[in-house]
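Visitor: I am new to this structure. Please walk me through how its parts meet.

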There are 2 protein chains.
Amino acid sequence: VARQDARDRPLRLGVLGCGNVGAKFVELVDTEAEAIARRTGIELAVTRIAVRDPDKARPSSLDPASLSKRLTTDAAAVVTDPEVDLVVELIGGIEPAEELVLQALGAGKPVVSGNKELLASSGGELLAAAEAAGVDLLFEASVAGAIPLVRLLTESLAGERIVRLMGIVNGTTNYMLTRMSEEGLSYEEALAEAQALGYAEADPTADVEGFDAAAKAAILAGIAFDADVVASDVYREGITAIGPDDIAFAHRLGYEVKLLAVAERSVDQASEASETGRSGPPSVSVRVHPAMVPRDHPLASVRGSFNAVFLDGAAAGELMVYGRGAGGLPTASAVLGDVIDAAHHLREGSRSRSARRRAPDLRPMAVLRAQYYLSVDVADRPGVLAAVASVFGENDVSIRSMEQIGLAGEARLVFLTHTALEADMQATIAGLGRLEAVERVGCMLRVLGPEAGP
Amino acid sequence: VARQDARDRPLRLGVLGCGNVGAKFVELVDTEAEAIARRTGIELAVTRIAVRDPDKARPSSLDPASLSKRLTTDAAAVVTDPEVDLVVELIGGIEPAEELVLQALGAGKPVVSGNKELLASSGGELLAAAEAAGVDLLFEASVAGAIPLVRLLTESLAGERIVRLMGIVNGTTNYMLTRMSEEGLSYEEALAEAQALGYAEADPTADVEGFDAAAKAAILAGIAFDADVVASDVYREGITAIGPDDIAFAHRLGYEVKLLAVAERSVDQASEASETGRSGPPSVSVRVHPAMVPRDHPLASVRGSFNAVFLDGAAAGELMVYGRGAGGLPTASAVLGDVIDAAHHLREGSRSRSARRRAPDLRPMAVLRAQYYLSVDVADRPGVLAAVASVFGENDVSIRSMEQIGLAGEARLVFLTHTALEADMQATIAGLGRLEAVERVGCMLRVLGPEAGP
């Protein structure tokens, strides 16, 4: 009966949270509802909005009278309200968001969420709950803002064996690295600028240490490989050790330095016949770390606060999507796309396809193979280079090139290795740390090789 | 009853055409069906394949025995066969493809098509026929191969007001322009190379004169603006007049030369409130022409035979998708994504949303405003520059910069204008052609201004 009714009146949206994204979403629906109805035949109306503090100032573009009629502080009541057809969760964080989403699904209501933390911690369970309830749980806005990655992976590439996915998914760090690359700023200067512009928080840890990117990597790996990957599964290094010298060296060799979120199938599964590759648990590596990206790779030209994800499909080949990875309005646009999709499904009594997720076989970093860049500050005296070089050799890491940058009283050595095993490289770093002549092992970067891109 | 059955047995696909894309599609379904079923719960099987010549050699990776059992020369019988659930049209061209697609839709069968010519000539009618039949007509593979543009525009951006869309949608010309830009090849050398590599046909007209890009522009404009745009509505210029001097001049000013397909809403409709903008017929400009693209624009770094489409949404902001725009396997991957979508809908008894298309209000080129680059070969004698410059002035086109390139006995003048009206620029070109001292009006390029990108 409810589904019949839905054709005659607007679909009633209950929105949880009216912050940056929530306010823009309400505004977008208020102003575009008529145009959307004309285009898609789907009428939408935001009828209830749950907020923590109803007296907080909202964006002036929202009519205060029309807004206050819809506001409530009782989020649970919005979720269970029989006059709410679909729940839009834009609170962020795990609790109370998780409980509310489960309640909504349990009540048979489709949910659209933009909550990265939630999806990265319990996406598998939530999707299972949605499947059990026979309704949609859509979450395009939880990764990379307006960039339609989730739909790309779940629908356009539904038949595709994804081999590898590499993304610039944190706008703050990409802004900082762009400024360091283009203007020669130090890490500290770039951070101060990003904070002044509002790109970075006063405590920038989530961005610069890669936690934000790791949560997004977990969500993307989950979709790309139908695997139940959570944020804590993701190996993670941030950008705090990167300095102007490292970027200058990368430039001289034709590279840009980018913080990459990488999810890849293990080599065996990527190349073998699909039967073999898919019958066991998906064997994947999911990691976030800075990398040297060849300048003619499409990811190298992603500048400023933009995001992009580059992926490699067995049949589709190389694909990249690029756009605004954050911001209230772009993210609200992604939420709206999901809402229209869910509304269409609700009206048709159907739902989105959902893949069956399995526990992944997570490959440890130690077995990764890559080329490495490493900077080492040493005392500037005879014999030091030989001692340093022998540590590489003892650990089976072969040096491709070395450069010495003179400093007062000491020297910085920068190395580029041939392809080596991560475990051997880590042993090399540990061994260097034990050398008396080594003042500091500085920045380590993995180098994107030709096998990983054009 | 048929829909109930579909849950118990594979969905039976009738494929029309087994050329480059068709053969790869059959191969993909044959090898990936098991993995797709495991992932999506949807079982697919290609049961019939209509070809013109059953004795023609097919790719060796297709098992000949398994293939020959499915081949037929009677395409109409495949379409009406009650044992075919879904029709995949990969014949290309208008007839007999159009008739077959209409027959399939009339028989209540969803159709997936990769046919650019067909969609660009009668997409509106075919979509209406699909809507009347209550089944899907999906055509992701008809534009830009593996790049998921159609789904991006129809689903992810369903609630979005698209302001402008600019694409590199022809791999052949982008390959040629990349070689001219990076290696200094002449147009003729670049064409010969593209032909040797199989990127360009012996008769390259469809690519180099922009016909292929114009068909794709029509399809994209149709989806982006819910407008019934056909290929012949698209203003079109090719790349045949572009020479190394033009590209060298563009480089000196920080530009790359690209053949762009552009579809944009008129300025009034892009900026006004959506109510005003959408209630009248959509006022759009759809055109294909070479352009000077600033080097830091994401489209400038699209190299070789890759395709990309950059778009500007009122809420989503700037987005770009990049990938393989052609090739059997990438295109087959796009077809497969559509087939899985249509199969899911068929099983659920639902269908894709379809927008209501309207006749567009096509803006004539004459009212376009842009900056222009123009090269003019003149006799090298006193007074000629003044005569040439006065033609610009008489037509209200203001010159921003001019450069003279000496040639034996004559000279090439290259001009960059301030923003001018296209009609005035065309009058300038006509006026220059009438000057006795002008040997030849060479290449004209529109310059992508800052208002059209980052």
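Guide: This is a predicted model. Start in strand 12 of chain B, where Tyr322(B) stands opposite Met320(A).

Visitor: What makes strand 12 of chain A and strand 12 of chain B a pair?

Guide: Pairing needs at least two bridges between two strands. Here 5 bridges join strand 12 of chain A to strand 12 of chain B, residues 317-324. Therefore the two strands pair. They run antiparallel.

Visitor: Why is the link between Asp226(A) and Arg39(B) called a salt bridge?

Guide: The closest N and O atoms are 3.3 Å apart. The cut-off is 4 Å, between a side-chain nitrogen of Lys or Arg and a carboxyl oxygen of Asp or Glu. So Asp226(A) and Arg39(B) qualify. Across the interface of chain A and chain B, the rule finds 8 salt bridges.

Visitor: How many residue pairs are in polar contact between chain A and chain B?

Guide: The count is 19, with both residues at pLDDT 80 or more.

Visitor: Which elements of chain A supply residues to the side that touches chain B?

Guide: Several supply at least two residues each, among them helix 7 (149-156), strand 11 (306-313) and helix 15 (328-348). Helix 2 of chain A gives the most, with 10 residues. By class, that side of chain A has 27 nonpolar, 16 polar and 21 charged residues.

Visitor: How many residues of each chain are in contact with the other?

Guide: In chain A, 64 residues are in contact with 63 residues of chain B. The area buried between the chains is about 5300 Å². Carbon and sulfur atoms give 47% of that area.

Conventions. Residues numbered from 1 in each chain as written. Chains lettered and ligands numbered in written order. Predicted model: local features only at pLDDT ≥ 70, side-chain atom pairs only at ≥ 80, totals over all residues. Heavy atoms only, no water. Contact = heavy atoms within 4.5 Å. Buried area = accessible area lost by both parts, 1.4 Å probe. Polar contact = N/O pair within 3.5 Å; in protein donor to acceptor, adjacent residues only side chain to side chain. Helix = DSSP H or I, 4+ residues; strand = E, 2+ residues; numbered from the N terminus. Nonpolar A, V, L, I, M, F, W, Y, C, P; charged D, E, K, R; others polar.
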